[in-house]
Amino acid sequence: MEQNWLKGPMPMGLGMALVENPTALEKYAAMTREEKQHFINGSKGAESKQAMQSYVDQLLTN
């Protein structure tokens with residue numbers, strides 16, 4: 001069984017926003033473990049679906 005290296009689960013809203021944006025999902029998949037953890041931690045401040053979508057869209061500009 002693969003060891004879970006994340007510190008807690010990915011927020012459901014983040015997962016859904018990534019699935020709805022294939023280009024952002026590809027960019028997320030290419031991140032290192034540390035980058036993914038930093039990105040997940042940053043998403044926890046999004047308080048609405050729109051805020052989460054905006055957060056995920058930032059992947060496309062970085």
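Buried, on this tour, means under 20% relative accessible area, exposed means over 50%, and partly exposed is anything in between, with a 1.4 Å probe and protein chains only. The model you have open is predicted, so local features need pLDDT of at least 70 and side-chain atom pairs count only at pLDDT 80 or more, while totals for chains, interfaces and linings use all residues. Residues are numbered from 1 along each chain as its sequence is written, and side-chain values use heavy atoms, with hydrogens and water left out.

**Stop 1: the whole chain**

Start with a cartoon view. You should find four helices and zero strands, in the order α-α-α-α along the sequence. Helices here are DSSP runs (H or I, at least four residues), strands are runs of E with at least two, and numbering starts at the N terminus. Of the 62 residues, 26% count as buried. Switch on a surface if you like: the accessible surface comes to about 4,600 Å², and 55% of that belongs to carbon and sulfur atoms. These areas come from the Shrake-Rupley method with a 1.4 Å probe; for residues, only the protein chains shown count as cover.

Contact, a word you will meet at several stops, means heavy atoms within 4.5 Å. Among contacts in the chain with a separation of 6 or more, residues 24 or more positions apart account for 66%.

**Stop 2: the nonpolar core**

Now select Leu 14, Ala 17, Leu 18, Ala 24, Tyr 28, Met 31, Phe 39, Ile 40, Met 52, Tyr 55, Val 56 and Leu 59, and show their side chains. These twelve residues make up the largest nonpolar core. Such a core is a set of buried Ala, Val, Leu, Ile, Met, Phe, Trp, Tyr and Cys residues joined through side-chain atoms within 4.5 Å. Two or more residues come from each of α1 (12–19), α2, α3 (33–43) and α4 (49–57). In soluble globular proteins, nonpolar side chains tend to be buried together.

Click on Val 56 while you are here. Setting aside residues up to four places away in sequence, Val 56 touches Leu 14, Ala 17, Leu 18, Asn 21, Ala 24 and Phe 39.

**Stop 3: down the axis of α1**

Turn the view to look along α1, where Leu 14, Ala 17 and Leu 18 are buried. They sit on the same side of α1 because they cover an arc of only 100° around the axis. The arc is that of the directions from the helix axis to the C-beta atoms. Met 12 and Val 19, on the other side of α1, are exposed. What do the buried residues of α1 pack against? Colour α2, α3 and α4 to see their partners.

**Stop 4: down the axis of α4**

Repeat the view for α4, whose buried residues are Met 52, Tyr 55 and Val 56. Those residues fall within an arc of 95° seen down the axis, so they line one face of α4. Their cover includes α1, α2 and α3.

**Stop 5: the aromatic cluster**

Select Tyr 28, Phe 39 and Tyr 55, which form one aromatic cluster. Rings of Phe, Tyr and Trp (its six-membered ring) pair if their centres lie within 6.5 Å; planes under 30 degrees apart count as stacked, over 60 as edge-to-face, and the rest as tilted. By this rule there are two aromatic pairs.

Take Tyr 28 and Phe 39 to begin with: their ring centres are 6.0 Å apart and their planes at 50°, so this pair is tilted. The pair links distant parts of the chain, with Tyr 28 in helix α2 and Phe 39 in helix α3, eleven residues apart. Tyr 28 is buried at a relative accessible area of 8%, and Phe 39 is buried at 7%.

Next, Phe 39 and Tyr 55 form a stacked pair, 4.6 Å centre to centre with 20° between the planes. Phe 39 lies in helix α3 and Tyr 55 in helix α4, so the pair ties together parts that are 16 residues apart in sequence. Their C-alpha atoms are 9.2 Å apart in space. Tyr 55 is buried too, with a relative accessible area of 16%. Leaving aside neighbours within four places in sequence, Tyr 55 is in contact with His 38, Phe 39, Gly 42 and Ser 43.

Before moving on, add Lys 36: its charged end sits over the ring of Tyr 28, 5.4 Å from the centre. For that label, NZ of Lys or CZ of Arg must be within 6 Å of the ring centre and within 35 degrees of the ring normal.

**Stop 6: Lys 27**

Finish at Lys 27, in helix α2 (residues 22–29). Is Lys 27 buried or partly exposed? At 33% relative accessibility, Lys 27 counts as partly exposed. Beyond its neighbours within four places in sequence, Lys 27 is in contact with Leu 59, Leu 60 and Asn 62. Lys 27 and Asn 62 are 35 residues apart in sequence and 9.8 Å apart in space, C-alpha to C-alpha.
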